[in-house]
Amino acid sequence: MTTELDFIQDYADGKIELGKQWGCPKLDRHWLWKRNFTIVLGHSGIGKTKLILYLELAAAIKHGHKVLIYTSENNSAVVKMELIEVLAGQSIRYNGERKLSKEETERWYAYLSKYALFIKQDKVYAWNELRGVIDHLVKKDSSIASVVIDPYNSLRIDKGVLGSLSTHDYHYEVASDMRVMSEEWKCRLVVNMHPATEAGRRFIKDNKHPYFNYADFPRPSDAEQGAKWKNRADDFIILHRIYNHPTDGNLIFIKVDKIKEQFSGGCPTPIDAENFGIVASWNFVKHRFQIDNIDILANLLNKQEQPIDDFRPEITGDFEEPEPVVEAEDLPF
């Protein structure tokens with residue numbers, strides 16, 4: 001049994017796993033990939049899913065693991081198609097014409113399947129049900145190191161579990177359990193969340209601010225069911241996009257609001273009128289993000305200097321089709 005002193009000694013000896021880099025110095029300075037419980041807060045429709053899956057896919061490729069994805073508000077076929085475009089660096093179809101051949105699409109689909117698994121969307125899960133599915137899959141496949149739930153508010157409340165609890169206490173219990181399960185699975189658990197309605201009514205009122213009169217960042221207390229999520233999370237990230245801005249509508253601002261264990265890397269970002277966070281810019285042609293002007297995924301695929309029309313990475317080896325994700329009814333409990 002490992003004692004507290006053993007942990008301290010192991011840390012001093014460099015035996016404790018530290019956060020892993022994404023591949024962008026500015027992002028790595030504040031936020032690292034860790035096997036922990038991370039909450040990502042942002043308004044609906046700003047690109048949370050797209051940015052988080054871009055980052056998680058890049059981390060899976062960089063560090064050689066798999067990411068398990070439950071995205072109940074987005075058709076999994078559409079999500080896979082968008083991730084294939086992200087990998088290929090171009091549209092599958094554009095301006096009424098097919099741009100990625102059938103063979104290329106199949107190869108990228110097989111490549112994506114090597115790193116990403118999807119939970120079926122054939123039912124609306126409560127947390128305790130989804131936890132059972134994840135638990136089964138993580139124990140079945142030890143290469144799964146990251147789990148993404150997108151978004152939390154798509155999970156139903158289990159009235160049987162709720163019992164005599166208030167909804168506040170119910171969600172607090174879920175938040176606590178998510179953190180415990182992340183540790184038990186030894187996985188990164190990323191949960192996307194929406195802010196409450198009031199956050200959408202708040203605008204930047206400083207007339208000297210470059211985004212005066214546009215929607216303001218949501219705050220941790222704006223998260224649906226309140227600030228408990230920041231209290232329980234290891235890392236708390238806020239994403240914001242001013243989608244109706246005439247020139248900056250493709251920018252997502254990344255605010256690192258909380259890093260619990262800073263000894264393993266990372267720290268909150270300063271936010272003021274001159275520093276609106278770490279900037280992720282979406283490239284509509286390449287279907288990629290540039291974070292602080294760095295395309296992490298392109299660097300991983302070693303194709304950054306090639307022109308868009310020649311972006312056809314060679315994939316060597318045969319990739320097997322992954323086993324279908326089991327349905328809840330098939331689970332042994």
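Which residues lie nearest the centre of the largest pocket? Select Glu17, Arg35, Asn36, Glu183 and Glu261, because these are the ones that lie nearest its centre among the 21 residues that line it. Please keep in mind throughout the tour that the model on your screen is predicted.

**The whole chain**

Before going further into the pocket, show the whole chain as a cartoon, where you can find 10 helices and 11 strands. Of the 333 residues in the chain, buried ones make up 50%. If you consider the contacts in the chain with a separation of 6 or more, 71% of them are accounted for by residues 24 or more positions apart.

**The largest pocket**

Return now to the largest pocket, which has a volume of about 620 Å³. If you colour its lining by residue type, you will find six nonpolar residues, four polar ones and 11 charged ones. The element that gives the most to this lining is helix H8, residues 167-185, which contributes three residues.

**Helix H8**

Select residues 167-185 to bring up H8, a helix of 19 residues that reaches 26 Å from its first C-alpha to its last, close to the 27 Å expected at 1.5 Å a residue. Several of its residues are buried, among them Tyr170, His171, Val174, Met178, Met181 and Trp185. To see what the buried residues of H8 pack against, add strand S1 (37-41), helix H6 (127-140), strand S6 (144-150), helix H7 (159-162), strand S7 (188-193) and helix H9 (228-232). Step just past the end of H8 and you arrive at Lys186, whose phi is positive, near 55°.

**Trp185, in H8**

Stay with H8 and select Trp185, which is found in this helix. Is Trp185 buried or exposed? Trp185 counts as buried, because its relative accessibility is 7% and the cut-off for buried is under 20%. Leaving out residues up to four places away in sequence, Trp185 touches Trp127, Arg131, Ile134, Asp135 and Val138. With one of these, Asp135, the side chain of Trp185 is joined by a polar contact of 2.9 Å. You can also draw a line from the C-alpha of Trp185 to the C-alpha of Ser146, and you will find these two residues 9.6 Å apart in space although they are 39 residues apart in sequence.

**Helix H6**

Asp135 leads to H6, where this residue is one of those that are buried, together with others including Trp127, Leu130, Ile134 and Val138. H6 has 14 residues and reaches 20 Å from its first C-alpha to its last, close to the 20 Å expected at 1.5 Å a residue. Show strand S2 (66-71), S6, H8 and S7 alongside this helix, since they are included in what covers the buried residues of H6.

**Thr38, in strand S1**

Next, move to strand S1 and select Thr38, which has its place there. Thr38 is buried, because its relative accessible area is 0%. Its side chain makes a polar contact of 2.9 Å with the side chain of Asn36, and Asn36 is one of the residues nearest the centre of the largest pocket. Setting aside neighbours within four places in sequence, Thr38 is in contact with Trp31, Arg188, Leu189, Val190, Val191, Asp235 and Ile237.

**Three stops in loops**

Go now to the loop between S6 and H7, where Pro151 lies. Pro151 is joined to Asp150 by a cis peptide bond, with omega at about -10°.

The next stop is the loop between strand S10 (278-283) and strand S11 (288-291), which holds His287. Although His287 is not a glycine, its phi is positive, at about 55°. His287 counts as buried, because its relative accessibility is 13%.

Follow the chain to the loop between S11 and helix H10 (296-301), where Asp292 is found. Asp292 has a positive phi of about 50°, and it is not a glycine either. Asp292 is partly exposed, because its relative accessible area is 34%.

**Helix H5**

For the last stop, select helix H5, residues 102-115, which has 14 residues and reaches 21 Å from its first C-alpha to its last, close to the 20 Å expected at 1.5 Å a residue. Its buried residues include Trp108, Tyr111, Leu112 and Tyr115. Finally, show helix H3 (48-63), S2, helix H4 (76-88), strand S4 (97-98), strand S5 (116-118) and H10, against which the buried residues of H5 pack.

Methods. Residues numbered from 1 in each chain as written. Predicted model: local features only at pLDDT ≥ 70, side-chain atom pairs only at ≥ 80, totals over all residues. Heavy atoms only, no water. 1 Å grid on protein atoms, 1.4 Å probe; cavity = no way out; pocket = protein on both sides within 12 Å on 5 of 7 lines; lining within 4 Å. Points joined across faces, edges and corners; volume = space filled by probe spheres on them. Helix = DSSP H or I, 4+ residues; strand = E, 2+ residues; numbered from the N terminus. Nonpolar A, V, L, I, M, F, W, Y, C, P; charged D, E, K, R; others polar. Expected span 1.5 Å × (residues − 1). Buried < 20%, exposed > 50% of the residue type's maximum accessible area, 1.4 Å probe, protein only. Contact = heavy atoms within 4.5 Å. Polar contact = N/O pair within 3.5 Å; in protein donor to acceptor, adjacent residues only side chain to side chain.
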